[in-house]
Amino acid sequence: FSGGNIRTAPVTGDVVVVADAGRTVRVQGKLSDESWFLVDLEGASGWISGGLLTMDPQVRAQTPVVNP
């Protein structure tokens, strides 16, 4: 994880928490184009840009598509 804002909604949502690089997040879902992922960081849930995540390709493929 490269660090960044976890938001209430993709792109323009309010910032829930700013996560430091190297943190581990629990991935809960993704947009169909994989541009944004729904994650949980120590109880704070929200959306983070897919470009900031480092994920195993198999895990990425198995992550369910969800609507924001």
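Biologist: Which strands form the hairpin that has two residues between them, and which residue in the turn has a positive phi?

Modeller: In this predicted model, the hairpin is built from β4 and β5, and the turn residue with a positive phi, about 50°, is Glu-42. Glu-42 is not a glycine, and it lies in the loop between β4 and β5.

Biologist: Is Glu-42 buried or exposed?

Modeller: A residue is called exposed when its relative accessible area is over 50%; Glu-42 has 70%, so it belongs to the exposed class.

Biologist: How many bridges hold β4 and β5 together, and in which sense do they pair?

Modeller: Strand β5 covers residues 44-49, and its pairing with β4 is antiparallel and runs over six bridges. To follow the register, one can look at a single pair: Leu-38 has Trp-47 in β5 as its bridge partner.

Biologist: What lies on the other side of the pairing list for β4, that is, how is β3 joined to β4?

Modeller: Strand β3, residues 26-30, is antiparallel to β4 and is joined to β4 by four bridges. Within that pairing, Val-39 in β4 stands opposite Val-27. These two strands also make a hairpin, with five residues between the strands, in which Glu-34 adopts a positive phi near 60°.

Biologist: Why can β4 be described as largely enclosed by the rest of the structure?

Modeller: Here the reasoning goes through burial, which requires a relative accessible area under 20%. Strand β4 spans residues 36-41, and five of its six residues are buried, so the rest of the structure largely encloses this strand.

Biologist: Where is Val-11 placed, and what is its phi?

Modeller: Val-11 sits in the loop between β1 (4-7) and β2 (15-19), and its phi is positive, about 70°, although Val-11 is not a glycine. Its relative accessibility is 54%, so Val-11 counts as exposed.

Biologist: What pattern does the chain follow along the sequence, and how should its overall dimensions be read?

Modeller: The chain has one helix and five strands, and their order along the sequence is β-β-β-β-β-α. Its radius of gyration is 11 Å, close to the 11 Å given by the globule rule for 68 residues, so the chain is as compact as a globular protein of that length. The C-alpha trace extends over about 25 × 25 × 20 Å along the principal axes, and 38% of the 68 residues count as buried.

Biologist: How far apart are the mean positions of the positive and negative charges?

Modeller: The chain carries 5 positive and 7 negative charges, and their mean positions are 1 Å apart.

Terms used
Residues are numbered from 1 along each chain as its sequence is written. This is a predicted model: local features need pLDDT of at least 70, side-chain atom pairs count only at pLDDT 80 or more; totals for chains, interfaces and linings use all residues. Side-chain values use heavy atoms; hydrogens and water are left out. Buried means under 20% relative accessible area, exposed over 50%, partly exposed in between (1.4 Å probe, protein chains only). Two strands pair if DSSP finds at least two bridges between them. The radius of gyration is taken over C-alpha atoms; the globule rule is 2.2 Å times the number of residues to the power 0.38. Lys and Arg count as positive and Asp and Glu as negative; His and the chain ends are not counted. The place of a charge is taken as NZ of Lys, CZ of Arg, CG of Asp or CD of Glu.
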